[in-house]
Structures are given as C-alpha cells and as structure tokens.
Amino acid sequence: LQQGIDNSLDAKLDRAIDAWFSENSNHQASALNSLNAYLNHVDAQRGNHLTVGQASQLDFLADQVINQLFLFL
C-alpha cells in the first residue's frame with residue numbers, strides 16, 4: 001500500500017476516534033462522518049491501490065465498528 005494512501009486512511013480513522021471521545025455534543029455524528037469518509041476512500045481505491053479482497057475486508061471491519069457505535073446512539 002502506498003504511504004500516502006495508508007496515511008490518508010489512518011488519518012480518517014484517527015479523526016473518527018478523536019471525534020468519538022471529544023466533548024463536542026455532535027461527537028457521534030462526527031465520528032460516523034469520518035468513518036463514512038474512510039469507507040468512501042476504501043471504495044475509491046478498490047481495484048486500484050487495494051485489491052478487491054483487501055477493500056472488502058476493510059469495508060467489513062469498518063461496518064462492524066459503525067454497527068457497534070449505533071448501539072451507543
């Protein structure tokens with residue numbers, strides 16, 4: 001995986017974590033928005049810099065996180 005793509009995906013996940021634990025009243029929506037941005041980036045790289053299998057696995061794991069977050073909403 002190219003360093004720039006790796007850094008970009010990591011940054012989106014870091015923003016989601018930071019948003020989730022922030023004191024902002026809108027923190028849950030911000031975390032979900034960051035995770036959706038992550039999913040969009042993974043989908044954009046599917047078949048390019050990520051294999052279809054890699055992208056599918058990352059999508060699955062992110063969806064699992066999102067589903068768990070909805071338990072707290």
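**Exercise 1. Determine what share of the contacts in the protein between residues at least 6 apart in sequence joins residues at least 24 apart, and describe the overall fold.**

Step 1. Among contacts (heavy atoms within 4.5 Å) between residues at least 6 apart in sequence, 54% join residues at least 24 apart. The model is a predicted one, in which local features need pLDDT of at least 70 and side-chain atom pairs count only at pLDDT 80 or more, whereas totals for chains, interfaces and linings use all residues. Residues are numbered from 1 along each chain as its sequence is written, and side-chain values use heavy atoms, with hydrogens and water left out.

Step 2. The secondary structure comes to 3 helices and 0 strands, where helices (H or I, at least four residues) and strands (E, at least two) are DSSP runs numbered from the N terminus; read along the sequence, the pattern is α-α-α.

Step 3. The C-alpha trace spans about 35 × 25 × 10 Å along its principal axes, and 32% of the 73 residues are buried (buried is under 20% relative accessible area, exposed over 50%, partly exposed in between, with a 1.4 Å probe and protein chains only).

**Exercise 2. Check the span of helix 3 (residues 52–70) and establish where its buried residues lie.**

Step 1. The expected span is 1.5 Å times one less than the number of residues, so the 19 residues of helix 3 should span 27 Å, and the end C-alpha atoms are indeed 27 Å apart.

Step 2. The buried residues of helix 3 are Ala55, Asp59, Ala62, Ile66 and Leu69. Seen down the axis of helix 3, they fall within an arc of 80 degrees and therefore line one face of the helix, the arc being that of the directions from the helix axis to the C-beta atoms.

Step 3. These buried residues pack against helix 1 and helix 2 (27–45), while the face turned away from the buried side carries the exposed residues Gln57 and Phe60.

**Exercise 3. Trace the network of salt bridges that links Asp43, Arg46 and Asp59.**

Step 1. The structure holds 2 salt bridges, each a side-chain nitrogen of Lys or Arg within 4 Å of a carboxyl oxygen of Asp or Glu.

Step 2. Arg46 pairs with Asp43, the closest N and O atoms being 2.8 Å apart; Arg46 is partly exposed at 27% relative accessible area, and Asp43 is partly exposed at 39%.

Step 3. Arg46 also meets Asp59 in a salt bridge, at 2.2 Å from N to O. That pair links distant parts of the chain, with Arg46 in the loop between helix 2 and helix 3 and Asp59 in helix 3, 13 residues apart. Asp59 counts as buried, its relative accessibility being 13%.

**Exercise 4. Describe the surroundings of Lys12, a residue of helix 1 (residues 3–20).**

Step 1. Lys12 is buried yet has no salt bridge, and the nearest side chain of opposite charge, Asp10, is 10 Å away (Lys and Arg count as positive, Asp and Glu as negative, and His and the chain ends are not counted).

Step 2. The side chain of Lys12 does make a polar contact with the side chain of Ser8, at 2.9 Å; a polar contact is a pair of N or O atoms within 3.5 Å, where within protein one must be able to donate a hydrogen and the other to accept it, and residues adjacent in sequence count only if both atoms are side-chain atoms.

Step 3. Leaving aside neighbours within four places in sequence, Lys12 is in contact with Ser34, Ala37, Tyr38 and His41.
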